[in-house]
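Reader: I am new to this structure. Please take one part and walk me through it closely, in short sentences.

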Amino acid sequence: MLHHLLYIDPGSGSYLVQVLVAAVLGVAFFFRNIKNAVIAFFTRNRNKQDDNTKA
Amino acid sequence: MSNPIKRNPSSYRDPSGYIFEKDGVLFRQVNKCFKEDFEFFIQSGLYDSLVNQELLLPHQTIEECITGDENGYLTLLPERINFISYAWEWSFDMLKDAALLTLRLAKESIQYGLSLKDATPHNIQWHNGKLIFIDTLSFEKYNEATPWIAYRQFCESFLAPLLLMHYNKQTLNQLHLAWPDGIPLSVTAKLLPTKTKYSLHTYLHIHLHAKISKKTAGKSEREVRFSKNKFLNLIQSLELLIRRLKTPTIPTQWSAYYDEAINRNGYLEQKKKIITNWLSLNPQIKSAADIGANQGVFSLLLSEKKINTLAADFDPSCINNLYQQIKKQTLQFIQPIIFDLSNPSPAIGVQNNERESFTERLKVDLVMVLAILHHLAIGKNIPFAQLASYFSTIAPLLIIEFIPKEDEKVKLILSQKKDIFSNYSQTAFEKEFSFFFRQIEKQEIGTSGRTLYFMKRNEE
């Protein structure tokens, strides 16, 4: 391991990755939304919520 | 004279305020440096909205700063949490719901112009039958120019363990103990199977994240613009991924226990009857720990009597099933917890007192030890004297079941190991326990050959 890295918060770099991730997601969700809109046109009752929180 | 204000040893990270104890009551101080954000949090309506939805622990505001600390601005009195638990004691679905709760809070905060600055399971606790967010000082004004400050923390402390449990084993929740601040992304990326690199969301949040963090470590982070829409996409992606994760469905050794036990000539019914009778004679019992609870049949019996019950078992599948049942039936008085009596969670963190050991936290009115004495004494070789001593530190009252050596279940254990247990007898059991407890009641469970004892700690 490089010595100078010992003085750095291992979390640094997470801002940059978010920018990249968000760019990829922007494209992915664009197509996903189109797909969902098509599915929704033919079916109903999607997106069930099943966590510990109220809807 | 000692200082009556005792600052909580785990509350040192965030300069916005801290938790302290005074006369046995827990308070939260808001510091002057966080005044503006806190007032905005209350006035924006986010606090009321979250409390009404039972997502955030409610508090009362005590105007004065009771610590006398010059940095203090306000004192809050949060509702009391019965038993503090940690992520290494939660089952898969508990951690999953805690993660979804965190994402939900991050999403709601944005709608009110705030941002969730912390995403750790330590900010979530069990309260009135569900997991709830407890850190009132985790909401700060949202700055649209910055990405989510808690993103890495979320990936390391929620997403990483959930993925590892999903792709490997449920027992990997124990990794939280090795890395209480989150499992490093580089470690997670190495431990996950290669196929996860081909799953879009896992690739982005774990593999790519690990790679880029490593490359850019040490370089100063430039101001980056990050729109609200991008922020919400990020949250949605994490949510999609986490909702898809499932408990590994391998039935464990204990998950079918009751199906078998119920067939033993009304054994369970008789046991229930005896315990119900003893409980009705002792209405002063308000809290209990059911050790070796399995899927919680007897914990449910206690909780029906409004006794706050900790259902503890070392089998993560049993605790996960119980959690699902509690969630489905919205049961209030029962808290599921993964606990191995032969290895209770240790005290960890700074000075070894940031997170208390299981035993330090466990103080109840009654401890119930049903049908596991043989596993502890024979399976784990723990002497009666040590067990009695341990139970006496937990509670003044004890309900315990003795299983004789002739029992088929004991024979089963002994068929796997050498019988070095010449001291395992009912007489020896009564004698060793008498140094710590005195018998109040003793009753045989039908024709099963097993005996139930109700005991009271000596000097009580």
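Author: The accessible surface of chain B comes to about 20700 Å² in this predicted model. Carbon and sulfur atoms hold 50% of that surface. Charge is the next topic. Chain B carries 54 positive side chains and 49 negative ones. The centres of these two sets lie 7 Å apart.

Now to what lies under the surface. Chain B has 460 residues, and 54% of them count as buried. Its secondary structure consists of 17 helices and 16 strands. The radius of gyration of chain B is 24 Å, and the globule rule gives 23 Å for 460 residues. The two values are close, so chain B is as compact as a globular protein of that length. Along the principal axes, the C-alpha atoms of chain B fill a box of roughly 75 × 60 × 40 Å.

Contacts add to the picture. Take those in chain B with a separation of 6 or more. Of these, 70% are between residues 24 or more positions apart.

One residue of chain B also takes us to chain A. The side chain of H209(B) makes a polar contact with the side chain of S14(A), at 2.8 Å. On the chain A side, S14(A) belongs to helix α1, which covers residues 14-42. Is S14(A) buried or exposed? Its relative accessibility is 6%. Buried means under 20%, so S14(A) counts as buried.

Notes: Residues are numbered from 1 along each chain as its sequence is written. Chains are lettered from A and ligands numbered from 1 in the order in which they are written. This is a predicted model: local features need pLDDT of at least 70, side-chain atom pairs count only at pLDDT 80 or more; totals for chains, interfaces and linings use all residues. Side-chain values use heavy atoms; hydrogens and water are left out. Helices (H or I, at least four residues) and strands (E, at least two) are DSSP runs, numbered from the N terminus. The radius of gyration is taken over C-alpha atoms; the globule rule is 2.2 Å times the number of residues to the power 0.38. Buried means under 20% relative accessible area, exposed over 50%, partly exposed in between (1.4 Å probe, protein chains only). Contact means heavy atoms within 4.5 Å. Accessible areas come from the Shrake-Rupley method with a 1.4 Å probe; for residues, only the protein chains shown count as cover. Lys and Arg count as positive and Asp and Glu as negative; His and the chain ends are not counted. The place of a charge is taken as NZ of Lys, CZ of Arg, CG of Asp or CD of Glu. A polar contact is a pair of N or O atoms within 3.5 Å; within protein, one must be able to donate a hydrogen and the other to accept it, and residues adjacent in sequence count only if both atoms are side-chain atoms.
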